Amino acid sequence: MRDLSYARDGHQVFSGLNLDLADHRVGIIGRNGSGKTQMARLIAGLAAPDAGAVTVGGVEVAKDRKAALSTVGILFQNPDHQIIFPTVGEELGFGLTSQGLDKAAARDKAQDILARFNRPGWYDRPVYALSQGQRHLVCLMAVLVMAPKLIVLDEPYSGLDLATTVRLGRYLDALDPGLIHITHDLHSIGGYDRVIWLDQGEVRMDGVPGDVLPAYEAEMRDRGGRDDFADL
Ligand SMILES: Nc1ncnc2c1ncn2[C@@H]1O[C@H](COP(=O)(O)OP(=O)(O)OP(=O)(O)O)[C@@H](O)[C@H]1O
């Protein structure tokens, strides 16, 4: 992110932010409203900066949407904000056909990824008949099938049962693509290479988890001990 400025409906979220996130696994933490989700949208190219640029693997993601599709994938907190097609197969195939694959090749790739996750029968399954956790898995497969260089995770574990969370965590940790993981669950990023603490659209602290997480937790406990919401 170079000299990144971005406002939403009159609210200035970032002003001249510079941040280089080249490490393999980066956690992003911060209070409600600190700018984490807006940063995720900018990294994925779903929003365009007002000034400056966001570049992932040499692709300016807001400008070159086609290249961005195979460069960066994003997994949202709520799968219902992500899924747009009525069946699993259509959802998995959409990004691939947008990339130029014909329907048969997209279908093969979608079937491959379903097989990899032991869900061979899901291709024609209607999305509405899946549980929240199962829809999460569809979103993850839709991201992975595109083989992106970078995956952005925005609170991927909320609403998932513990076994699914552990399994998804194990799976994500073993992935090749870089990870940028936004979370309020500090444990889930304890083993990451780097943690960024965002505060009102600025980097408050940037370092290894062993330094950043205890400092963040101490401040949050201190703030949480006070009896007002004036700073929210
Ligand atoms: N559509 C919008 N219009 C105006 N302001 C917005 C809009 N969306 C977000 N904001 C503001 O941008 C700031 C950053 O929001 P963002 O959603 O990135 O926070 P966050 O760190 O992801 O919070 P949370 O932990 O609660 O998910 C907040 O102050 C929020 O009020």
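Reader: Which element gives the most to the shell around the ligand?
Author: Keep in mind that this is a predicted model. In it, β2 (11–17) and α1 (36–43) each supply at least two residues of that shell. The top contributor, with 3 residues, is α1.

Reader: How many of the residues in the shell around the ligand are polar?
Author: The ligand has Arg8, Asp9, His11 and Val13 around it, plus others including Gly30, Asn32, Lys36 and Gln38. Sorted by type, the shell has 1 nonpolar and 3 charged residues, and the polar ones number 8.

Reader: Moving on to the largest nonpolar core, which helix supplies the largest share of it?
Author: That core has 60 residues, and Ile43, Val72, Met141 and Val152 have the most contacts inside it. The largest share is 8 residues, and they come from helix α5 (residues 132–144).

Reader: Is α5 mostly covered or mostly open?
Author: The buried residues of α5 include Arg135, His136, Cys139 and Met141. Elements covering them include β7 (72–75), α3 (88–98), α4 (103–116) and β8 (150–154). With 10 of its 13 residues buried, α5 is mostly covered.

Reader: What span should α5 have, going by its residues?
Author: The helix has 13 residues, and the rule is 1.5 Å a residue. Its end C-alpha atoms are 18 Å apart, which agrees with the expected span because that also comes to 18 Å.

Reader: Which valine does Val72 touch besides Val56 and Val61?
Author: Leave out residues up to four places away in sequence, and Val72 touches Ile43, Ala44 and Gly45, among others. Its contacts also include Pro148, Lys149 and Leu150, and the valine you're after is Val152.

Conventions
Residues are numbered from 1 along each chain as its sequence is written. This is a predicted model: local features need pLDDT of at least 70, side-chain atom pairs count only at pLDDT 80 or more; totals for chains, interfaces and linings use all residues. A residue is near a molecule or strand if its C-beta atom, placed from the backbone, lies within 6 Å of it. Helices (H or I, at least four residues) and strands (E, at least two) are DSSP runs, numbered from the N terminus. Ala, Val, Leu, Ile, Met, Phe, Trp, Tyr, Cys and Pro count as nonpolar, Asp, Glu, Lys and Arg as charged, and the others, Gly among them, as polar. A nonpolar core is a set of buried Ala, Val, Leu, Ile, Met, Phe, Trp, Tyr and Cys residues joined through C-beta atoms within 7 Å. A residue is buried if 20 or more other C-beta atoms lie within 10 Å of its own, exposed if 12 or fewer, and partly exposed in between; C-beta atoms are placed from the backbone. Two residues are in contact if their C-beta atoms, placed from the backbone, lie within 7 Å. The expected span of a helix is 1.5 Å times one less than its number of residues.
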